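Let's take a walk through this structure together, going from confidence to contact and then to the sheets. Please keep the 3D view open as you read.

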Amino acid sequence: MAKNMKAPDAPKDIKKIFSRIFSYYKEYKLLVVIAVITAIFSSAASIVGTLFLKALIDTYITPIVEKAPGAPTIADFGIAVLAVGIVYIIGAVSTFTLNKIMLYISTRILDKVRTELFVKLQKLPIKFFDTHTHGELMSRFTNDVDALREMTSNSISHIFTTTLSIVSVFVTMIVLSWQLTILVVLMLFLVMFLIGKIGGNSGKYFKKQQEEIGKVNGFVEEMIEGQKVVKVFSYEETIKSDFDKINSDLCNAATKAHTFANILMPIMGNLAHAHYAITAVVGGIMAINGIITLGTVATFVQLTKSFFMPITQISQQFNSILIALAGAERIFNIIDEEPETDEGYVTLVNAEITPEGEIKETEKRTGIWAWKHPHNDGTLTYTRLTGNVEFDDVYFGYEENKTVLNGISLWAKDGQKIAFVGSTGAGKTTITNLINRFYDVPDGKIRYDGININKIKKADLRRSLSMVLQDTHLFTGTVMENIRYGKLDATDEECIAAAKLANAHSFIKHLPMGYDTLLTADGANLSQGQRQLIAIARAAVADPPVLILDEATSSIDTRTEALIEKGMDSLMEGRTVFVIAHRLSTVRNSHAIMVLEKGKIIERGNHDELIAQKGKYYQLYTGMFELS
Amino acid sequence: MIKKLFPCVGKYLKQSILAPIMVICEVILETTIPLVMVEIVDRGIKLGNIKYVAQMGAIMITMALFSLMFGALSGKFAAEASMGFAKNVRKKLFDKVQDFSFANVDKFSTASLITRLTTDVTNTQMSYMMLIRVFVRSPFMLVIATFEAFRINSKLAMTFVVAIPILAIALIIIAKFAFPLFEKMLKKYDALNASIQENLIGIRVVKAFVREDHESQKFRDASEKLRDMQYKAESVIIYSMPFMQLVVYGCTLAIYWFGGNLMVAGEMQDGELLGFITYIMQILMSLMMMSMIFITLVLSRASVERIVEVFDEEVDVADNENGLTSVSDGSVEFKDVNFSYSKDKENLTLENINLSIKSGETIGIIGGTGSSKTTLVQFIPRLYDVLSGEVLVGGKNVKEYTLDALRNSVAMVLQKNVLFSGTIKENLKWGDENATDEEIYEACKAAQAHDFIMSFPDGYDTDLGQGGVNVSGGQKQRLCIARALLKKPAIVILDDSTSAVDTATDSKIRQAFREKLADTTTIIIAQRISSVCDADRIIVLDDGKIDGIGTHEELLSSNAIYREVYDSQQKGAE
């Protein structure tokens with residue numbers, strides 16, 4: 001989170017982002033046109049109202065009072081007032097329509113942006129999540145989408161209507177009196193100058209403020225995460241005083257930023273007042289000399305208010321627009337990220353075996369799966385899914401020039417249980433991450449049922465594998481829904497059977513609502529061990545030919561592990577299983593055990609062979625060397 | 001709720017009071033300016049009195065400049081007051097969290113504490129600024145503008161008397177309809193964000209099960225529901241604007257009509273009409289502002305509530321401020337200790353623990369996952385309070401010491417340990433701020449950390465990065481042990497602190513402990529028998545109860561669980 005709180009750098013290409021935001025409006029062309037028309041009506045109505053003041057005095061009141069020949073009657077005046085009333089009603093209806101349309105469009109656009117962002121995230125490779133913190137990504141959905149919401153729902157229509165009124169007021173002013181308009185223009189320059197000056201300062205300090213916020217948030221995050229250590233060392237007072245310092249820094253920067261932002265409005269507002277006075281004096285003198293009428297002066301002073309007020313308002317919104325644009329840029333950056341590439345074309349299909357021993361594709365769920373492999377020459381071949389996995393001299397590193405795996409070769413025949421043993425960082429989990437293509441290796445090194453896995457469609461590849469991870473993640477929902485995550489169309493019976501297999505059934509039954517118990521916040525109301533059991537059930541219900549157990553039983557106590565061993569055995573039966581485990585007892589009955597060190601397989605063989613070798617595994621097993 | 005935040009105003013009370021006062025001065029001037037305008041038109045322009053026009057014009061400009069000054073000052077004071085207020089809220093929150101016990105932290109979860117300290121404080125700060133500026137300004141302006149309008153022409157001002165209550169009632173009705181909808185929307189919004197977070201954390205599971213489309217569809221539905229809710233809630237709000245326009249326009253028309261008639265009858269001047277119209281604008285503005293404030297305040301109410309919740313949280317391990325400030329020796333005694341995290345007597349995590357450890361003894365603790373080993377030792381530095389029974393350190397109940405004194409004498413190396421950003425040396429100095437280099441080296445040598453630290457190019461000045469990302473698990477554990485040793489404690493507790501350290505190094509660490517910390521009570525929680533077998537006594541825990549206490553040999557012959565664990569670790573080592 002510390003990262004995302006960094007200063008909202010000024011968006012790099014404002015024009016591009018603007019046009020990108022506007023492209024979301026394309027879908028609503030007709031509505032936008034109506035919105036523009038209503039906006040024009042709405043600002044026109046208010047101008048008509050102001051102009052009527054001139055007519056009121058010059059056309060009606062003065063002639064009536066002076067009883068000039070051909071003067072309008074009071075009745076005429078009444079009709080005029082009514083006419084203005086109708087204009088006003090049209091104005092109000094237009095405003096309402098405009099707001100409603102803008103609300104409709106903006107909620108829809110936000111929904112679209114949010115969904116696009118989320119859908120994109122689902123498509124991004126794991127690597128992306130390695131390099132971006134959750135907090136950072138979350139703030140795209142919260143801070144940035146919020147800022148965009150402010151802009152799409154208020155700022156854009158506001159700027160449009162205010163610009164419209166500024167322009168029309170200006171034109172009206174020129175028509176009324178070009179002399180007084182010159183005064184307005186002079187004032188406008190002064191106002192622009194001040195906005196630039198104050199706005200610039202404010203922007204500078206806002207940036208500083210954002211930096212300080214980043215520091216405070218980073219500090220808060222680190223210290224709250226390490227809260228327990230702070231307490232154990234009774235370091236609270238030191239931390240408090242450290243915090244005081246950065247907290248004060250933030251306060252100072254924020255005060256400056258907000259001071260500038262706050263004084264902008266009164267300065268603009270009162271300059272408008274001063275200008276009002278100047279116009280009154282100059283206009284008064286002109287009226288006395290008969291250059292313009294009294295009604296014109298009255299209207300003009302009124303117009304100057306309608307002229308400067310929106311300018312001030314726009315300048316006020318400037319900061320929020322910049323923030324929104326910066327947020328939009330960050331959102332678009334994610335939407336534009338390269339998605340997980342998938343040039344795979346080999347797909348997984350339901351199959352049946354003909355009496356002749358041929359594999360035939362079928363619509364039915366037969367329990368038999370095959371890889372459908374289209375070739376360049378247009379022919380199709382089917383390979384039965386069995387779960388053979390082969391690594392051929394695989395090198396891999398998460399970062400360039402930092403290899404984690406150095407020349408791994410291995411062969412797992414279907415139905416075999418392969419175990420990986422080694423210290424943290426030896427590359428065990430990396431191997432499993434390559435099998436399901438969370439990360440890609442250069443071509444041709446890993447084969448699944450004899451097919452280069454880069455040719456297999458990722459979704460199909462992963463569907464054929466099931467993983468139980470050390471950090472089990474359950475989702476908000478019932479226990480049943482969590483188990484069903486493994487196979488969305490599983491019946492309740494299938495889910496319960498899977499739970500029984502994982503030995504989870506007995507504790508689930510004891511939960512307050514049984515299988516309908518709602519799990520909240522990553523299953524926080526279950527113990528780590530219970531969560532792993534549910535995760536195992538989830539994998540079991542998926543019924544895949546290949547199973548990857550990455551420290552799947554690490555949090556399950558030895559007694560329960562013994563209990564689920566039988567279930568695990570039947571779960572593993574007939575499947576290719578990759579096991580990563582800390583406890584050597586878990587891996588002892590594997591067909592092959594790979595001992596990894598620094599990304600290399602240093603020993604391989606079954607338990608007895610490795611013990612006989614008296615190498616590293618032997619040392620590990622006899623406790624001469626411990627794993628980390 | 002607001003009462004609880006009020007003390008946070010603190011020394012910014014002056015600015016908090018000055019800001020609204022300046023606002024009021026500004027408003028008074030702003031509302032007087034139209035009166036001068038009336039004078040200019042009616043007595044100056046109409047009568048052709050240029051001198052009077054210029055005089056009044058000068059007065060008006062002066063007033064505008066003063067108003068500008070007051071306005072700028074109010075902006076400055078408001079910024080100072082609200083940022084200061086936010087600073088104090090943040091400080092109070094942070095300090096409060098520092099005082100939290102482990103149980104308090106568990107209850108809130110770190111993620112939610114972080115949100116409270118960041119986003120929620122920002123929201124509160126914005127509301128506060130609004131409160132002292134706009135909240136004063138708008139009603140005040142409304143009142144004065146109405147009053148001045150009455151002074152100009154009370155007959156004409158009757159239109160306000162009709163219009164304002166209509167408008168107020170309408171706004172209240174709109175607000176009444178909108179608030180519950182907004183609350184619903186915010187809840188949906190929170191839920192959506194929670195599910196995004198969940199998805200991000202579990203992204204590997206999502207991908208492993210190829211559930212991207214499923215998740216996307218789920219999100220689409222939720223997002224659409226939020227969209228519709230938002231549309232519904234804000235649809236109510238947008239009625240306020242055109243309605244307000246209608247009322248104000250209605251007023252304007254009434255004033256045109258009645259004003260026009262009055263002018264014809266000679267009862268009113270042109271300037272007065274002009275002034276009147278200006279007041280309508282001011283009234284409109286203030287009403288609009290008021291409705292905006294209401295929305296903002298409602299939106300920030302949840303934030304304020306979340307902050308106050310932290311303030312209100314009772315710290316369940318209360319510091320005994322007048323307690324003993326030194327611990328006499330490293331003896332530990334548990335007397336009939338019962339404990340439950342949920343404070344539920346029926347569902348005890350630890351049951352009936354009686355235990356006596358002599359000063360300087362080395363104690364090993366063995367037991368399966370969930371046998372409450374960690375829970376047991378957490379009472380010694382009083383990270384949690386027992387449900388019943390007592391825990392004595394140095395012969396005195398832990399509650400008789402100040403927390404500071406107790407925790408300075410009890411060094412605990414946590415299972416889930418954390419290093420902070422900064423250099424190795426800075427991290428080590430957590431143990432003792434005034435430690436000399438020699439003392440640091442000695443502690444690191446005992447923890448078998450000195451050698452690998454010296455192998456880094458920057459040695460003790462190596463930057464660890466946030467969370468100590470630049471060292472391996474085993475290295476991190478050794479640094480944490482060294483950090484604890486620097487406290488020169490009477491009691492050291494190692495809670496599975498060498499799990500990532502290899503056996504040889506582990507045994508070297510224990511040897512160093514025996515030689516250099518002979519007088520220090522050492523309690524070692526471990527998974528491996530080898531880590532505890534040379535302890536003076538070993539405690540076997542099972543399901544929150546003590547199953548056996550004795551030396552390695554004694555337990556091997558008398559304790560079934562211990563023998564089982566031993567056998568499982570010795571298999572194949574014949």
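The paragraphs below begin with how far the model can be trusted, then turn to the two chains and their strands.

What you have on screen is a predicted model, with an ipTM of 0.79 and a pTM of 0.75. For chain A, the average pLDDT is 81, and 91% of the residues score at least 70. One stretch to treat with care is residues 1-9 of chain A, where the pLDDT is below 50; in the model this stretch nevertheless has 28 contacts beyond near neighbours in sequence. Chain B has a mean pLDDT of 83, with 95% of its residues at 70 or more.

Now bring both chains into view and look at where they touch. Chain A puts 123 residues into the contact, and chain B puts in 121. On the chain B side, helix α3 (residues 50-99) gives the most, with 28 residues. Sorted by character, the side of chain B that touches chain A has 58 nonpolar, 39 polar and 24 charged residues.

A helix pair that spans the two chains is a good place to zoom in. Two packed helices are described by the angle between their axes and the distance between the axes. Here, helix α3 of chain A (residues 74-123) packs against helix α8 of chain B (residues 212-237) at about 160°, and their axes are 9 Å apart. Because an angle over 145 degrees counts as roughly antiparallel, α3(A) is roughly antiparallel to α8(B). The residues in this helix contact comprise 11 charged, 7 polar and 7 nonpolar. As for handedness, α3(A) and α8(B) make a right-handed crossing.

Next, turn to chain A and find its open sheet of 4 strands. Their order is β6-β5-β8-β9, and the pairing is antiparallel. β6 (405-412) and β9 (451-452) stand at the edges of this chain A sheet; each has a single partner strand, so one side of each is left without a neighbour in the sheet. At the β9 edge, β8(A) (residues 446-448) pairs with β9(A) in the antiparallel sense over 2 bridges, and A:Y448 has A:I451 as its bridge partner. Helix α10 of chain A (residues 428-435) packs on the sheet, where it touches β5 (389-396), β6 and β8. The direction of α10(A) makes about 115° with that of β5(A).

Chain B has an open sheet of its own, with 6 strands in the order β6-β7-β8-β3-β9-β10 and mixed pairing. Its edges are β6 (410-413) and β10 (545-550); since each has a single partner strand, one side of each is left without a neighbour in the sheet. On average, neighbouring strands of this sheet are turned by 15° against each other, direction ignored. Follow the β6 edge inwards: β6(B) pairs with β7(B) (residues 491-495) in the parallel sense over 4 bridges, and B:V413 has B:L494 as its bridge partner. Lying across β6 and β7 of chain B is helix α16 (residues 473-485), which runs at about 175° to β6(B).

Finish with another set of strands in chain B, centred on β1 (residues 332-339). β1(B) is joined by 5 bridges to the antiparallel strand β2(B) (residues 350-357), with B:V337 bridging to B:I353. β1(B) also pairs in the antiparallel sense with β4(B) (residues 388-393), over 5 bridges. In that pairing, B:N338 stands opposite B:S388.

Note on methods: Residues numbered from 1 in each chain as written. Chains lettered and ligands numbered in written order. Predicted model: local features only at pLDDT ≥ 70, side-chain atom pairs only at ≥ 80, totals over all residues. pLDDT = per-residue confidence, 0-100. Contact = placed C-beta atoms within 7 Å. Pairing = 2+ DSSP bridges. Axes fitted to C-alpha atoms, helices over the stretch in contact; angles between N-to-C directions. Parallel < 35°, antiparallel > 145°, perpendicular 65-115°, else oblique. Left-handed = near helix turned anticlockwise from the far one by under 90°. Nonpolar A, V, L, I, M, F, W, Y, C, P; charged D, E, K, R; others polar.
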